[in-house]
Amino acid sequence: MKTNQSSILIVGHDEHLLETRQWVLQSRGYRVLKTDRASKIASIPKEPPVQLLLLCHSLSPLESAGAIALAAARWPGIQTLSLVAESSRAPSGMLGRLMHTVDGPAKLISMVDGLVGQPHHPA
C-alpha cells in the first residue's frame, strides 16, 4: 500500500477510541500519532510536521483550546478537526472544522482527506 506523507495527531482521553481512529486513518495511509493529554504535544518531534490536529469529543473545551494553541505554535498552519458527540455541545468560538461522532469512519476519512488536501488512493 502506498503511504500518505501527511501526519495527523489525535488527542483524546478514551484509549479505545484513540486506537480505533488511529487504525482507520493509518489504513488510509496517513502517519498517525496519538496522545491522551494536550501537554504532551510539546514532546512530539516537529519533523515531519503534523498537518492535522484531530480533537476527540472526550476533551473539555478548555483542553481542546489548549491543544489547538500548543499545536499551532509547534506547527504553524496546522488544520483542526474537532469531533463532537452532540451538536449542542459544539464549542463556541472553536477554530477549525467540526464533525459529529455518529457520522462514522467514512465521513472522518472524507473530512481528513479534504482538510489535508492529499487524499490517498489505494494502489
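**Figure 1. Pairing of strands β1 and β2 in the predicted model.** In this predicted model, strand β1 (residues 7-11) and strand β2 (residues 31-35) run parallel and are joined by five bridges. Within this pairing, Arg-31 of β2 is the bridge partner of Ser-7. Between the two strands the chain passes through helix α1 (residues 15-27), and the resulting β-α-β crossover is right-handed. The setting for this view is a protein with three helices and five strands, whose order along the sequence is β-α-β-β-α-β-β-α.

**Figure 2. The two covered faces of strand β1.** Strand β1 is mostly covered, five of its five residues being buried. In a regular strand the side chains alternate between the two faces of the sheet. On one side of β1 lie Ser-7, Leu-9 and Val-11, on the other Ile-8 and Ile-10, and the residues of both sides are all buried. Besides its pairing with β2, over five bridges, strand β1 pairs in the parallel sense with strand β3 (residues 52-55), here over four bridges. Leu-52 of β3 is the bridge partner of Ile-8.

**Figure 3. Strand β3 and its pairing with strand β4.** Leu-52 and Leu-54 point one way from β3, whereas Leu-53 and Leu-55 point the other way, and all of these residues are buried. Strand β3 is joined by four bridges to strand β4 (residues 79-84), and the two run parallel. Leu-52, which has Ile-8 of β1 as a bridge partner, also stands opposite Gln-79 in β4. The connection from β3 to β4 includes helix α2 (residues 61-74), and together these three elements make a right-handed β-α-β unit.

**Figure 4. Surroundings of Val-50 in the loop between β2 and β3.** Val-50 lies in the loop that connects β2 and β3, yet its relative accessible area is 3%, and Val-50 is therefore buried, since the cut-off is under 20%. Leaving aside neighbours within four places in sequence, Val-50 is in contact with Ser-7, Ile-8 and Leu-9, and also with Leu-33, Trp-75 and Ile-78. Ser-7, Ile-8 and Leu-9 are themselves buried residues of β1. The C-alpha atoms of Val-50 and Arg-31 are separated by 9.0 Å, the two residues being 19 apart along the chain; Arg-31 is the residue of β2 that forms the bridge with Ser-7.

**Figure 5. The cis peptide bond before Pro-48.** The loop between β2 and β3 also holds Pro-48. The peptide bond from Glu-47 to Pro-48 is cis, with an omega near -10°. Most residues other than glycine have a negative phi, and most peptide bonds are trans.

**Figure 6. Contacts of Arg-74 in helix α2.** Arg-74 is found in helix α2, and because its relative accessibility is 21%, between the cut-offs of 20% and 50%, Arg-74 counts as partly exposed. Not counting residues up to four places away in sequence, Arg-74 touches Ile-41, Ala-42, Ile-44, Pro-45 and Lys-46. For one of these, Ile-44, the C-alpha to C-alpha distance to Arg-74 is 9.1 Å, although the two residues are 30 apart in sequence.

**Figure 7. Helix α3 and the polar contacts of Asp-113.** Helix α3 (residues 104-116) has 13 residues and should span 18 Å at 1.5 Å a residue, which agrees with the 18 Å that separates its end C-alpha atoms. The buried residues of α3 are Gly-104, Leu-108, Ile-109, Met-111, Val-112, Asp-113, Leu-115 and Val-116. An α-helix has 3.6 residues a turn, so residues three or four places apart point the same way. Asp-113, which has its place in helix α3, counts as buried because its relative accessibility is 9%, under the cut-off of 20%. The side chain of Asp-113 makes a polar contact with the side chain of Arg-28, at 2.5 Å, and another with the side chain of Tyr-30, at 2.3 Å.

**Figure 8. Burial and contacts across the whole protein.** To place the close-up views in context, buried residues make up 41% of the 123 residues in the protein. Among contacts with a separation of 6 or more, 69% are accounted for by residues 24 or more positions apart. The protein exposes about 6,500 Å², of which carbon and sulfur atoms supply 56%.

Technical notes. Residues numbered from 1 in each chain as written. Predicted model: local features only at pLDDT ≥ 70, side-chain atom pairs only at ≥ 80, totals over all residues. Heavy atoms only, no water. Buried < 20%, exposed > 50% of the residue type's maximum accessible area, 1.4 Å probe, protein only. Pairing = 2+ DSSP bridges. Right-handed = clockwise from strand over helix to strand, strands pointing away. Contact = heavy atoms within 4.5 Å. Expected span 1.5 Å × (residues − 1). Areas by Shrake-Rupley, 256 points an atom, 1.4 Å probe, with all protein chains shown as cover. Polar contact = N/O pair within 3.5 Å; in protein donor to acceptor, adjacent residues only side chain to side chain.
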